[in-house]
Amino acid sequence: MANSLRSEVLNLYKNLLYLGREYPKGADYFRSRLKAAFLKNKDVKDPEKIKQLIARGEFVIKELEALYFLRKYRAMKQRYYSDNKE
């Protein structure tokens, strides 16, 4: 059971690391914050607590994806629908 949780945590870390490449404050900023967050919880042994932390990480993934889609939408809207308030 611990091995499956370990693989879930590693996959979560990899996914977050991949998503962090486009973070607005920079990839290095995101990577350092991500590493600090994972190191803070490295001593957690309780499987239920680990599952809660994984769920929180998946929520962060969804929030990052929403942020990126919104940024892309705003760029496209600005490109194609410029306001002519003169």
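**Confidence by helix**

I began with confidence along the chain of this predicted model. Helix H2, residues 27–40, scores highest, with a mean pLDDT of 94. Helix H3, residues 47–80, scores lowest, with a mean of 89. I then took the whole chain: the average pLDDT is 88, and 93% of the residues reach at least 70. I keep one caution in mind: where pLDDT is low, the predicted coordinates should not be read in detail.

**Annotated domain**

I looked up the UniProt record next. The unreviewed entry puts "domain: Complex 1 LYR protein" at residues 8–61. I checked the secondary structure over that range and found 76% helix and 0% strand. The C-alpha atoms at the two ends of residues 8–61 lie 14 Å apart.

**Aromatic pairs**

How many aromatic pairs does a search of the whole structure find? I get three. I noted two of them in detail.

The pair I took up to start with is Tyr13 with Phe38. Their ring centres are 4.9 Å apart. The planes meet at 80°, which is over the 60-degree limit, so I log the pair as edge-to-face. Where do Tyr13 and Phe38 sit in the chain? Tyr13 belongs to helix H1, residues 2–19, and Phe38 to helix H2. The two are 25 residues apart, so I record a link between distant parts of the chain. I also looked at cover. Tyr13 has 23% relative accessibility and is partly exposed. Phe38 is partly exposed as well, at 24%.

I turned to Tyr23 and Tyr29. Their centres are 6.1 Å apart, and the planes differ by 15°. Stacked or edge-to-face? The pair is stacked, because 15° is under the 30-degree limit. Tyr23 is partly exposed at 26% relative accessibility. Tyr29 is partly exposed at 30%. I then asked which residues form one cluster with this pair. Phe30 joins Tyr23 and Tyr29 in one aromatic cluster.

**Salt bridges**

I searched for salt bridges and found two in the structure. Side chains of opposite charge can pair when their charged atoms come close.

One joins Glu22 to Arg71, with the closest N and O atoms 3.6 Å apart. That falls within the 4 Å cut-off. Glu22 lies in the loop between H1 and H2, while Arg71 lies in helix H3. They are 49 residues apart, and the bridge links distant parts of the chain. Glu22 is partly exposed at 46% relative accessibility. Arg71 is partly exposed too, at 38%.

The other joins Asp28 to Arg31, with the closest N and O atoms 2.8 Å apart. Here I asked what separates Asp28 and Arg31 along helix H2. They are three residues apart, so about one helical turn lies between them. Asp28 counts as exposed, because its 57% relative accessibility is over the 50% limit. Arg31, at 40%, is partly exposed.

**Nonpolar surface patch**

I closed with the surface. Which residues make the nonpolar patch of about 410 Å²? Met76, Tyr80 and Tyr81 do. I placed Tyr81 in the segment after H3. Is Tyr81 buried or exposed? Tyr81 is exposed, because its relative accessible area of 61% is over 50%.

Key:
Residues numbered from 1 in each chain as written. Heavy atoms only, no water. pLDDT = per-residue confidence, 0-100. Helix = DSSP H or I, 4+ residues; strand = E, 2+ residues; numbered from the N terminus. Patch = residues over 30% accessible without salt bridge, like charges linked within 9 Å, V, L, I, M, F, W, Y side chains within 5 Å. Areas by Shrake-Rupley, 256 points an atom, 1.4 Å probe, with all protein chains shown as cover. Salt bridge = Lys/Arg side-chain N within 4 Å of Asp/Glu carboxyl O. Buried < 20%, exposed > 50% of the residue type's maximum accessible area, 1.4 Å probe, protein only. UniProt positions renumbered as here; feature names shortened; annotations may be inferred. Phe/Tyr/Trp six-rings, centres within 6.5 Å; stacked < 30°, edge-to-face > 60°.
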